[in-house]
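Good morning, and thank you for coming. I should like to take you through one chain, from its overall architecture to a few individual residues.

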Amino acid sequence: MRSLLGDHEPFAGFDLQVLVDRGVYAPGETVRVTVTAANQGERFVEHRYPGWQRYVLSVRDERHRIMADDELDRAAEQPAIDRWLPGQIAIWPTYWNQSAGVMVPGRSGGLTGPRVEPGRYRVWVVWLGREPGARDRLPEATSPWFELA
């Protein structure tokens, strides 16, 4: 898709990844999720976001149903802006307590919803940033599959 940026390809060299800390978790164990964004390109880039969130994180089961997420509808009066230098990286940790519904962005002593069933899951990340003048989206990132015993 052509953009208003001429020959520039939006998100060229921009990398988004999501990982979990283990492949198997016992009931009630906290799943540590790490989201990493990096400008591995050779140019400065600017990303604009519709609100304060940089990305939306969701935990999905084997049928790709969303079991938990951190998506909020919290619009800002104007877009948030990040300016990424070449080589710049950001790392965000999130802790999931195996409960359905809202993911609490931090360690929580109690469940926010009912505990999800044992099974295979993966984490999906949708990047909300857009480069000015471009309609393209960064491809979603997914973690490897992990199991809740």
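I shall begin with the fold, then turn to the core, one strand pair, a pocket and a loop residue.

Please keep in mind that what you see is a predicted model. The chain contains twelve strands and zero helices. Along the principal axes, its C-alpha atoms fill a box of roughly 50 × 30 × 25 Å. The chain has 149 residues, of which 42% count as buried. If we take the contacts between residues at least 6 apart in sequence, 70% of them join residues at least 24 apart.

Let us move to the interior. The largest nonpolar core comprises 33 residues, and Trp96, Trp127 and Phe146 are those with the most contacts inside it. Eight strands are listed as each supplying at least two residues of this core: β1, β3, β4, β5, β7, β8, β10 and β12. Which residues does Trp96 touch, once its neighbours within four places in sequence are set aside? They are Glu29, Thr30, Val31, Val59, Ala68, Met103, Val116, Phe146 and Leu148. Phe146, one of these partners, is itself among the core residues with the most contacts.

I now turn to β1, which covers residues 14-20. In a regular strand, side chains alternate between the two faces of the sheet. Here Phe14, Leu16, Val18 and Val20 point to one face and are buried. Asp15, Gln17 and Leu19 point to the other face and are not buried. β1 pairs with β3 in the antiparallel sense, over seven bridges. Within this pairing, Val18 of β1 stands opposite Val35 in β3.

Next, the second largest pocket. Its space amounts to about 190 Å³. The lining consists of Pro50, Gly51, Trp52, Gln53, Val56, Glu71, Leu72, Arg74, Ala75, Val126 and Leu128. Sorted by class, seven of the lining residues are nonpolar, two are polar and two are charged.

Finally, I would draw your attention to Arg137, located in the loop between β10 and β11. Is Arg137 buried or exposed? Its relative accessible area is 57%, so Arg137 counts as exposed, the cut-off being over 50%. Arg137 lies ten residues from Trp127 in sequence, and their C-alpha atoms are 7.6 Å apart in space. Beyond its neighbours within four places in sequence, Arg137 is in contact with Phe11 and Arg130.

That concludes my presentation, and I welcome your questions.

How values were computed:
Residues are numbered from 1 along each chain as its sequence is written. This is a predicted model: local features need pLDDT of at least 70, side-chain atom pairs count only at pLDDT 80 or more; totals for chains, interfaces and linings use all residues. Side-chain values use heavy atoms; hydrogens and water are left out. On a 1 Å grid over the protein atoms alone, a cavity is a set of points where a 1.4 Å probe fits but cannot get out, and a pocket is an open set with protein on both sides within 12 Å along at least five of seven lines; lining residues have an atom within 4 Å of a point. Grid points are joined across faces, edges and corners, and a volume is the space filled by probe spheres set on the points. Ala, Val, Leu, Ile, Met, Phe, Trp, Tyr, Cys and Pro count as nonpolar, Asp, Glu, Lys and Arg as charged, and the others, Gly among them, as polar. A nonpolar core is a set of buried Ala, Val, Leu, Ile, Met, Phe, Trp, Tyr and Cys residues joined through side-chain atoms within 4.5 Å. Buried means under 20% relative accessible area, exposed over 50%, partly exposed in between (1.4 Å probe, protein chains only). Helices (H or I, at least four residues) and strands (E, at least two) are DSSP runs, numbered from the N terminus. Contact means heavy atoms within 4.5 Å. Two strands pair if DSSP finds at least two bridges between them.
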